[in-house]
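Reader: Walk me through this chain, please. I will ask for the reasoning behind each label.

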Amino acid sequence: NAEEGAGSGDSNDEMADVPAGGAAIEESTERPVEGEALAETSTKKKKKKKKKKKELSITFERYQEITNVIVMTLRKREEELPDEPGLTQGEIEAEYLKLAAEFKSMEELEDEASIVRCVVDRLVDRDRILQVEEEGVTHTGRRLVVHPNYSIE
């Protein structure tokens, strides 16, 4: 009986180390190497920076509206100046922001600019609605045109 009492005392200690999921926690006697500790610290700092970045999302309808405005702007430009097709990505973004509603604050303007930049990138990279006519020195300097087979829905 004394052995059972000692055994049951150990099981109570074990129960204290078992989390709600049921897996036992193993205590590590190893100390992290200095480089590992620095890596953990830098990872935590990166996570904090990511939290500061505001996540923006839009509905599909809003995406279509932005796409249609961009496509109509580019098509109008092609009609006016057939020898100079397309606009640079920076010009497209600026044109859209001019046409968009007035912004109450600088933060709203920056958010809208970020959304338009992401939409243009998607139109080029994923949906293939816009094509790169010529590469620029920077990402916003590349000249974009509407794919010839695309029609506004």
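Author: Read along the sequence, the pattern is α-α-α-β-α-α-β-β. This is a predicted model.

Reader: How many helices and strands does the chain have?

Author: The chain has 5 helices and 3 strands.

Reader: Why are α4 and α5 called oblique to each other?

Author: Start with the angle. The axes of α4 (residues 89–99) and α5 (residues 106–125) cross at roughly 130°. Over 145 degrees would count as roughly antiparallel, and 65 to 115 as roughly perpendicular. The crossing of α4 and α5 fits neither class, so the two helices are oblique to each other. Their axes come within 10 Å.

Reader: What is the handedness of the crossing of α4 and α5?

Author: Right-handed: that is how α4 passes α5.

Reader: Which residues make the contact?

Author: From α4 come Gln89, Ile92, Glu93, Tyr96 and Leu97. From α5 come Leu109, Glu112, Ala113, Val116, Arg117, Val120 and Asp121.

Reader: What makes up this contact in terms of nonpolar, polar and charged residues?

Author: The contact of α4 with α5 has 7 nonpolar residues, 1 polar and 4 charged. Tyr counts as nonpolar, and Glu, Arg and Asp count as charged.

Reader: How much of the chain counts as buried?

Author: Of 153 residues, 22% count as buried. The cut-off is under 20% relative accessible area.

Reader: What share of the accessible surface belongs to carbon and sulfur atoms?

Author: The share is 50%, on a surface of about 12,000 Å².

Reader: What part do residues 24 or more positions apart play in the contacts?

Author: Such residues account for 55% of the chain's contacts with a separation of 6 or more.

Note on methods
Residues are numbered from 1 along each chain as its sequence is written. This is a predicted model: local features need pLDDT of at least 70, side-chain atom pairs count only at pLDDT 80 or more; totals for chains, interfaces and linings use all residues. Side-chain values use heavy atoms; hydrogens and water are left out. Axes are lines fitted to C-alpha atoms, for helices over the stretch in contact, and angles run from 0 to 180 degrees between N-to-C directions. Helices (H or I, at least four residues) and strands (E, at least two) are DSSP runs, numbered from the N terminus. Angles under 35 degrees count as roughly parallel, over 145 as roughly antiparallel, 65 to 115 as roughly perpendicular and the rest as oblique. A crossing is left-handed if the near helix is turned anticlockwise from the far one by less than a right angle, and right-handed if clockwise. Contact means heavy atoms within 4.5 Å. Buried means under 20% relative accessible area, exposed over 50%, partly exposed in between (1.4 Å probe, protein chains only). Accessible areas come from the Shrake-Rupley method with a 1.4 Å probe; for residues, only the protein chains shown count as cover.
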